[in-house]
Amino acid sequence: MKRPALAAKLALMLALTLTGTDQGFAQFGGPPPGSPGPARDIAPIDLTGQWVSIVTEDWRFRMVTPPRGDYPGLPLNAEARAVAEAWDPEQDDANREACKAYGGGGIMRMPTRLRIEWVDASTLQIRTDAGRQTRTLQFSDTPSREGEGGWQGVSVAEWEVQGRSGNGTLEVVTTGMRDGYFRKNGVPYSENAVVTEYYDLLVQHDGSEWLAVLSILDDPTYFTQPIVTSTNFRREEDRSGWEPTDCRVD
């Protein structure tokens with residue numbers, strides 16, 4: 001496993017421990033390293049289905065819109081602070097930019113449900129009920145740039161399979177997003193931002209399944225260092241909770 005992915009997995013394990021979940025878990029197995037075939041066929045973990053975000057940290061920044069200027073602990077430079085201080089939700093709404101907080105740099109931190117499914121053998125899709133967003137993850141050395149300049153940008157994915165056991169992590173790198181908000185109160189990221197994510201599937205002793213997503217948002221335009229977050233989702237067998245809503249500035 002690559003060193004960043006190993007660090008990500010350790011951080012994800014720690015995150016689940018701190019949120020009070022069962023520390024004992026097992027991961028699904030998969031094919032041995034180097035197995036040929038389309039991404040869907042060689043997937044070491046099954047991420048498909050419906051997931052609900054479990055918000056146990058940063059509650060006041062994720063469940064409600066914090067006031068202007070409330071961004072403690074974030075590594076913002078002077079330019080970013082100026083942008084955040086100028087945040088005007090009514091103007092965003094008037095400019096039809098209510099989705100600025102629902103782009104690829106912020107959507108996974110929303111209190112949302114995800115529906116993950118394969119579109120074809122090399123394309124995994126993530127839909128959110130918050131903001132009705134769609135992320136397209138391409139397993140390709142020559143990905144389509146069709147999403148470039150949009151809220152979700154262009155996401156390139158690959159499986160990282162660990163040793164003979166076949167346990168795996170999904171790594172996703174997203175570029176080409178339009179500028180948006182990391183938090184709904186105007187904390188910005190630019191069109192130069194890069195999001196690197198590691199998706200891990202954790203199965204606890206009681207049979208519940210958790211999706212842990214470690215995200216690294218790197219944007220030298222606005223940040224003095226990358227912002228690292230770990231976000232947890234629990235699998236839902238009942239899909240009745242799916243309630244798509246439009247982007248909102250409040």
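**Figure 1. Leu 124 is a buried residue of strand S4.** In this predicted model, Leu 124 has a relative accessibility of 2% and counts as buried. Leu 124 belongs to strand S4. If neighbours within four places in sequence are set aside, its contacts are Ile 116, Glu 117, Trp 118, Arg 135, Thr 136, Leu 137, Phe 139 and Leu 170. Arg 40 is 84 residues away from Leu 124 in sequence, but the C-alpha atoms of the two are 8.2 Å apart in space.

**Figure 2. The largest nonpolar core has 32 residues.** Which residues have the most contacts inside this core? They are Leu 47, Tyr 102, Leu 114, Ile 116, Leu 170, Tyr 199 and Leu 211. The elements that each give two or more residues to the core are strands S3 (113–120), S4 (123–128), S6 (154–162), S7 (167–175), S10 (194–204) and S11 (209–218). Another core, apart from this one, has 15 residues, including Ala 80, Ala 84, Ala 193 and Ile 227. In soluble globular proteins, nonpolar side chains tend to be buried together.

**Figure 3. Ile 116 is one of the residues with the most contacts inside the largest nonpolar core.** Which residues does Ile 116 touch, leaving aside its neighbours within four places in sequence? Its contacts are Leu 47, Thr 48, Gly 49, Trp 51, Leu 124, Gln 125, Ile 126 and Leu 211. Leu 47 and Leu 211 are also among the residues with the most contacts inside the core.

**Figure 4. Strands S4, S5 and S6 are linked by pairing in two senses.** S4 and strand S5 (residues 134–138) run antiparallel and are joined by five bridges. Thr 123 has Gln 138 of S5 as its bridge partner. Five residues lie between the strands in the hairpin of S4 and S5, where Gly 131 has a positive phi near 80°. S5 and S6, on the other hand, pair in the parallel sense, over two bridges. Here Gln 138 has Val 156 of S6 as its bridge partner. Gln 138 is thus a bridge partner of Thr 123 and of Val 156.

**Figure 5. Trp 118, Phe 139 and Trp 159 make up one aromatic cluster.** How many aromatic pairs does a search of the whole structure find? The search finds two. In one of them, Trp 118 and Phe 139 are tilted, with 5.6 Å from centre to centre and 35° between the planes. This pair links distant parts of the chain, 21 residues apart: Trp 118 is in strand S3, and Phe 139 is in the loop between S5 and S6. Phe 139 counts as buried because its relative accessible area is 14%, under the cut-off of 20%. Both Trp 118 and Phe 139 are also among the contacts of Leu 124.

**Figure 6. Two arginines lie over aromatic rings.** Arg 178 has its charged end over the ring of Trp 151, at 3.9 Å from the ring centre. Arg 183 lies over the face of Phe 61, and the distance to the ring centre is 3.8 Å.

**Figure 7. Strand S12 (residues 227–236) is mostly covered.** How many of its ten residues are buried? Eight are. S12 runs antiparallel to strand S2 (residues 49–53), with four bridges between them. S12 also runs antiparallel to S11, and eight bridges join these two strands. Arg 234 of S12 is the bridge partner of Val 52, and Trp 210 stands opposite Arg 234 as well. Ile 227, at the start of the range given for S12, is one of the residues of the core of 15.

**Figure 8. Gln 162 is in strand S6.** Is Gln 162 buried or exposed? Gln 162 is buried, because its relative accessibility is 17% and the cut-off is under 20%. Pro 44 is 118 residues from Gln 162 in sequence, yet their C-alpha atoms are 9.4 Å apart in space.

**Figure 9. The whole protein gives the setting for the close-up views.** The protein has five helices and twelve strands. Of its 250 residues, 53% count as buried. The exposed area is about 11700 Å², and carbon and sulfur atoms supply 49% of it. Among contacts between residues at least 6 apart in sequence, 61% join residues at least 24 apart.

Methods:
Residues are numbered from 1 along each chain as its sequence is written. This is a predicted model: local features need pLDDT of at least 70, side-chain atom pairs count only at pLDDT 80 or more; totals for chains, interfaces and linings use all residues. Side-chain values use heavy atoms; hydrogens and water are left out. Buried means under 20% relative accessible area, exposed over 50%, partly exposed in between (1.4 Å probe, protein chains only). Contact means heavy atoms within 4.5 Å. Accessible areas come from the Shrake-Rupley method with a 1.4 Å probe; for residues, only the protein chains shown count as cover. A nonpolar core is a set of buried Ala, Val, Leu, Ile, Met, Phe, Trp, Tyr and Cys residues joined through side-chain atoms within 4.5 Å. Two strands pair if DSSP finds at least two bridges between them. Rings of Phe, Tyr and Trp (its six-membered ring) pair if their centres lie within 6.5 Å; planes under 30 degrees apart count as stacked, over 60 as edge-to-face and the rest as tilted. A charge sits over a ring if NZ of Lys or CZ of Arg is within 6 Å of the ring centre and within 35 degrees of the ring normal.
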